[in-house]
Amino acid sequence: MFKALSSTFKKFKNAFSKLRFTLGSKLKNLLTKGVDDDSFEELERLFYESDLGAEFSMELAEKVRKLSRKNAQITSEEIIAELKKEVLTVLGEAPTETVLQTKPHVILVVGTNGSGKTTSIAKLAKKYSDEGKKVLISASDTFRAAAIDQIATWAERLNVDIVKSQPGSDPSAVVFDAISSAIAKSSDVVLVDTAGRLHTKTDLMVELEKIQRVMKKLVPDAPHETLLVLDATCGQNAIDQAEIFNRYTPISSVILTKLDGTAKGGVIVALKKQKDLEVKYIGLGEQASDLILFDPVPFTDALFKAD
């Protein structure tokens, strides 16, 4: 047990140590020069460009103003320590793994094209499979043949069940067949893929509502979770996507992908501050095991770390 916990802690530590953001270095350079009235606007711009959102950027800049006026000798390290407290207050407690209380536990996964949705489903499948759960994937993205092939390849590689149909088939029918199969096979988890819906396409969103109605015919309280996959490199556009998806299906939490790329990181804070949406998992690579439960503390350390 001790070895397993040590291994998990090391994995998380190594994962978060990969994160590289620009805010910390730029902030330290600015604060080291000394804070005056002329620099507060630059501070606000710096926070905003890190995807923290307009409102919170103003709040943080005002925080620095008050700290510097209260103590003219305050150091950049002390200011950054206070800013980290503000961010941690917004993010709150670390998310916990879901306790599966219903069988099958149905997870609806949504997101736009290119967000990393299919790969995230594969990562979830591996996670639950490694925990000894029987997993079934519903290949309900029938708008693209490539999407069906991609998720089928992952299912075969991970040795999990999949229900699929021909391209152009009714996605709701695939979901119905998948959940029926899961009930017959006593599957623990059903992961429902959906089309990479452009959030501006109302007809596709209506289809998403139809999928949920079909689910409830077989499992009245399904979906038990709705996970929104967002690309961290989209910045504030991710906030817009979250708002519109949430209109059609209440989002339980977020999987944020590509955080190890060119993302600025602050979108995690903005999602919580503006939409009260919790980032539950972060994707830090393309391998099936590269899915990490989000932890606010090491993330905040990385966000303000100066290289």
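The following exercises, each with a worked solution, go through helices, a sheet and some unusual backbone positions of a predicted model.

Residues are numbered from 1 along each chain as its sequence is written, and side-chain values use heavy atoms, with hydrogens and water left out. Because this is a predicted model, local features need pLDDT of at least 70 and side-chain atom pairs count only at pLDDT 80 or more, whereas totals for chains, interfaces and linings use all residues. Helices (H or I, at least four residues) and strands (E, at least two) are DSSP runs, numbered from the N terminus.

**Exercise 1. Helix α5**

Check the length of α5 against its expected span, and work out which residues are buried and how they are arranged around the helix.

Step 1. The expected span of a helix is 1.5 Å times one less than its number of residues. For the 16 residues of α5 this gives 22 Å, and the end C-alpha atoms are 23 Å apart, which agrees.

Step 2. Buried means under 20% relative accessible area, exposed over 50%, and partly exposed in between (1.4 Å probe, protein chains only). By this rule S76, I79, I80, L83, V87, V90 and L91 are the buried residues of α5. Seen down the helix axis, these residues fall within an arc of 120°, so they line one face of α5; the arc is that of the directions from the helix axis to the C-beta atoms. An α-helix has 3.6 residues a turn, so residues three or four places apart point the same way.

Step 3. On the face turned away from the buried side, α5 carries the exposed residues K85 and T89. The buried residues pack against α2 (23–32), α3 (37–49), α4 (54–70), α11 and α12 (296–303), where contact means heavy atoms within 4.5 Å. After the helix comes G92, whose phi is positive, near 70°.

**Exercise 2. The sheet and helix α10**

Give the strand order of the open sheet of eight strands, and then place α10 on this sheet.

Step 1. The order is β3-β2-β4-β1-β5-β6-β7-β8, with mixed pairing; two strands pair if DSSP finds at least two bridges between them. At the edges stand β3 and β8 (291–293), each with a single partner strand, so one side of each is left without a neighbour in the sheet. Neighbouring strands are turned by 25° against each other on average, direction ignored.

Step 2. Four bridges join β1 to β4, which run parallel, and V106 has V190 of β4 as its bridge partner. Strand β2 (residues 135–138) is likewise joined to β4 by four bridges, in parallel, and here L136 stands opposite V190. Strand β4 is covered on both faces, since V189 and L191 on one side and V190 and V192 on the other are all buried. In a regular strand the side chains alternate between the two faces of the sheet.

Step 3. Helix α10 packs on the sheet, touching β1 and β5, and its direction makes about 155° with that of β5; axes are lines fitted to C-alpha atoms, for helices over the stretch in contact, and angles run from 0 to 180 degrees between N-to-C directions. The buried residues of α10 are A238, I239, Q241, A242, I244 and F245, and they pack against β1 (105–110), α9 (202–218), β5 (225–231) and α11 (267–275).

**Exercise 3. Loops and their backbone**

Find where the cis peptide bonds lie, identify the loop residues N159 and D276 by their phi, and describe the surroundings of D188.

Step 1. A cis peptide bond joins K103 and P104, with omega about 5°, and P104 lies in the loop between α5 (76–91) and β1. Another joins A222 and P223, with omega about -5°, and P223 is in the loop between α9 and β5.

Step 2. N159, which is not a glycine, has a positive phi of about 60°, and at 69% relative accessibility N159 counts as exposed. D276 has a positive phi near 50° and, at 55% relative accessibility, also counts as exposed. Most residues other than glycine have a negative phi, and most peptide bonds are trans.

Step 3. D188, in the loop between α8 (171–185) and β4 (189–192), is buried, with a relative accessible area of 18%. Leaving out residues up to four places away in sequence, D188 touches T102, K103, P104, H105, G132, K133 and K134. A polar atom of the D188 side chain lies 2.7 Å from the backbone nitrogen of K134.

Technical notes: A polar contact is a pair of N or O atoms within 3.5 Å; within protein, one must be able to donate a hydrogen and the other to accept it, and residues adjacent in sequence count only if both atoms are side-chain atoms.
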